4 protein chains.
Amino acid sequence: MNAGECWLRLRVRYVECDAMGYVHHSHYLTYFEMGRTELLRRGGISYRELETRGFFFVVVKISASYKRPARYDDELELLTRITNQTRVRIDHGYALYHADSRRLLCEAASTIACVDRDGKVVAIPDFLRSGI
Amino acid sequence: MNAGECWLRLRVRYVECDAMGYVHHSHYLTYFEMGRTELLRRGGISYRELETRGFFFVVVKISASYKRPARYDDELELLTRITNQTRVRIDHGYALYHADSRRLLCEAASTIACVDRDGKVVAIPDFLRSGI
Amino acid sequence: MNAGECWLRLRVRYVECDAMGYVHHSHYLTYFEMGRTELLRRGGISYRELETRGFFFVVVKISASYKRPARYDDELELLTRITNQTRVRIDHGYALYHADSRRLLCEAASTIACVDRDGKVVAIPDFLRSGI
Amino acid sequence: MNAGECWLRLRVRYVECDAMGYVHHSHYLTYFEMGRTELLRRGGISYRELETRGFFFVVVKISASYKRPARYDDELELLTRITNQTRVRIDHGYALYHADSRRLLCEAASTIACVDRDGKVVAIPDFLRSGI
């Protein structure tokens with residue numbers, strides 16, 4: 001594992017499952033966000049601290065391909081990786097696995113942009129560039 | 001109907017239902033919040049405008065009694081009423097009905113307190129007192 | 001407007017907004033699902049009835065491009081359209097607008113597949129094909 | 001710690017925070033549900049297995065008193081305890097603390113009832129009684 005990727009283990013909550021007993025597809029986006037937060041943290045930076053300093057990240061694009069369903073109480077493993085970076089944007093890739101079977105449940109990609117408190121796009125700060 | 005109560009009609013979303021096919025009990029609190037927002041609006045005040053002026057309401061207490069389940073795509077009718085008010089707090093009562101059968105699904109009560117941007121309790125502003 | 005598209009008006013809920021005051025990007029997927037439900041309903045079919053008959057739709061792919069943020073209490077207009085259909089899958093396209101300004105907030109596309117109660121892909125039933 | 005209580009550590013997610021930057025009060029109910037799940041698990045029973053066997057628990061009553069806000073990325077400690085039990089119902093008490101400061105954030109109580117697949121109240125099964 002290098003600085004540009006991290007694994008996160010999580011357990012499916014009851015409230016996240018829909019009437020079919022599967023995790024509702026919208027909640028995967030929350031899992032990916034948790035992956036980005038952990039990736040930052042392991043690089044020595046907390047996203048909360050970033051916001052305190054006036055830097056925010058907004059999701060510009062997201063795409064996901066759902067392969068197999070996740071169910072209530074399943075333990076999942078999420079791999080989050082940085083796949084590209086510019087002066088103002090970061091691309092991430094995600095692969096979500098069932099922890100026991102190691103089967104791939106979902107693959108996804110996102111682009112986030114750095115903005116200030118007013119939502120204006122700004123350059124990613126240097127202290128962050130070194131951390132990610 | 002008087003200024004201190006209002007009815008709100010809403011339809012149950014798929015994502016709000018759990019593996020039993022019932023609305024997850026936590027989402028009722030969101031319905032109640034929508035009821036409070038509508039009650040304010042019909043009194044001529046938007047909660048968003050309130051926040052812009054530096055006044056926020058935080059939930060201090062809530063209690064709910066669940067009588068019958070609501071299901072996906074059900075249309076519901078929510079009655080929201082002010083039951084008490086002090087200089088800094090407002091108590092609301094809620095009754096949620098199935099729109100077609102008129103059967104009572106849930107009864108609840110909450111207390112909200114007025115705070116400023118830093119979370120300090122402040123007096124409910126006069127322009128709001130007249131509206132609610 | 002034809003049978004293959006519909007408009008849905010909705011109001012942003014407080015709980016849907018994040019610490020920036022914007023609608024969290026994951027909730028747009030819920031709006032799109034509401035759009036699909038309405039499109040079915042206006043075609044004379046309720047998704048709930050579909051599930052009762054043993055037909056379910058699962059999201060296979062989704063992609064979204066976020067243009068501008070939506071805020072608490074904003075009224076939004078969602079256009080949902082069928083863009084393609086096979087024996088087992090339906091593709092939808094979405095355009096979400098701010099109701100007052102008519103500015104485009106988000107564009108998205110999804111693919112859903114018809115499955116039975118056990119999650120096995122099955123042909124979309126004929127009574128549904130005529131309705132959509 | 002005895003069989004009738006357990007501690008659960010959790011971290012606040014970005015999506016759980018509202019425009020004030022605080023955890024939305026409805027999400028605490030999800031935390032409490034996670035506490036109940038963990039309490040069962042440590043008693044040797046998974047709630048998922050219970051549902052497979054045809055036993056479900058529905059929330060009948062809940063009340064919560066919010067003392068202090070929780071914020072994004074905060075680590076929290078939740079104590080879940082069984083406070084009473086009858087043939088068909090279980091009462092739980094909850095105390096949610098900020099992990100670092102040990103300050104109490106929220107106290108709550110709930111009543112859940114055992115039902116079968118059709119929502120009819122049934123006796124809590126014996127194998128469960130011994131586990132909790």
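The legends below describe close-up views of a predicted model.

**View 1. The open sheet shared by chains B and D.** In this predicted model, 10 strands form an open sheet with antiparallel pairing, and their order is E1(B)-E3(B)-E4(B)-E5(B)-E2(B)-E2(D)-E5(D)-E4(D)-E3(D)-E1(D). Strand E1 (5–11) of chain B and strand E1 (5–11) of chain D are the edge strands, each of which pairs on one side only. From one strand to the next, the twist averages 25 degrees.

**View 2. A strand pair within chain D.** Strand E4 (residues 89–98) of chain D and strand E5 (residues 104–115) of chain D are joined over 9 bridges, and the two pair in the antiparallel sense. One place to look within this pair is Ala95(D), whose bridge partner in E5(D) is Glu107(D).

**View 3. The helices that lie on the sheet.** In chain B, helix H1 (residues 27–42) packs on the sheet, where it touches E1, strand E2 (56–66), strand E3 (75–85), strand E4 (89–98) and strand E5 (104–115) of that chain. The direction of this helix of chain B makes about 130 degrees with that of E1(B). In chain D, helix H1 (residues 27–42) lies across E1, strand E2 (56–66), strand E3 (75–85), E4 and E5 of chain D, and this helix runs at about 130 degrees to E1(D).

**View 4. The contact between chains A and B.** To this contact chain A gives 9 residues and chain B gives 9 residues. Sorted by class, the side of chain A that touches chain B holds 5 nonpolar, 3 polar and 1 charged residues. A turn of 180 degrees, with a shift of 0.0 Å along the axis, lays chain A on chain B with an RMSD of 0.0 Å, and the two chains are therefore related as by a two-fold axis. The same surface serves both copies, as 100% of the contact residues of chain A recur in chain B.

**View 5. The contact between chains C and A.** Here 16 residues of chain C are in contact with 16 residues of chain A. On the side of chain C that touches chain A, helix H1 (27–42) and E2 of chain C each supply at least two residues, and the largest share, 9 residues, comes from E2(C). The residues on this side of chain C divide into 9 nonpolar, 6 polar and 1 charged.

**View 6. Strand E2 of chain A beside strand E2 of chain C.** Strand E2 (residues 56–66) of chain A is joined to E2(C) by 5 bridges, and the two strands run antiparallel. Within this pairing, Lys61(A) has Ser65(C) of E2(C) as its bridge partner.

**View 7. Two loop residues with a positive phi.** Most residues other than glycine have a negative phi. Asp73(C), although it is not a glycine, has a positive phi of about 75 degrees, and its place is in the loop between strand E2 (56–66) and strand E3 (75–85) of chain C. Because 17 other C-beta atoms lie within 10 Å, Asp73(C) is partly exposed. Arg102(D) is likewise not a glycine and has a positive phi, of about 60 degrees, and this residue is found in the loop between E4 and E5 of chain D. With 8 other C-beta atoms within 10 Å, Arg102(D) is exposed.

Key: Residues numbered from 1 in each chain as written. Chains lettered and ligands numbered in written order. Predicted model: local features only at pLDDT ≥ 70, side-chain atom pairs only at ≥ 80, totals over all residues. Pairing = 2+ DSSP bridges. Helix = DSSP H or I, 4+ residues; strand = E, 2+ residues; numbered from the N terminus. Axes fitted to C-alpha atoms, helices over the stretch in contact; angles between N-to-C directions. Contact = placed C-beta atoms within 7 Å. Nonpolar A, V, L, I, M, F, W, Y, C, P; charged D, E, K, R; others polar. Least-squares fit on C-alpha atoms with pLDDT ≥ 70 in both. Buried ≥ 20, exposed ≤ 12 C-beta atoms within 10 Å, placed from the backbone.
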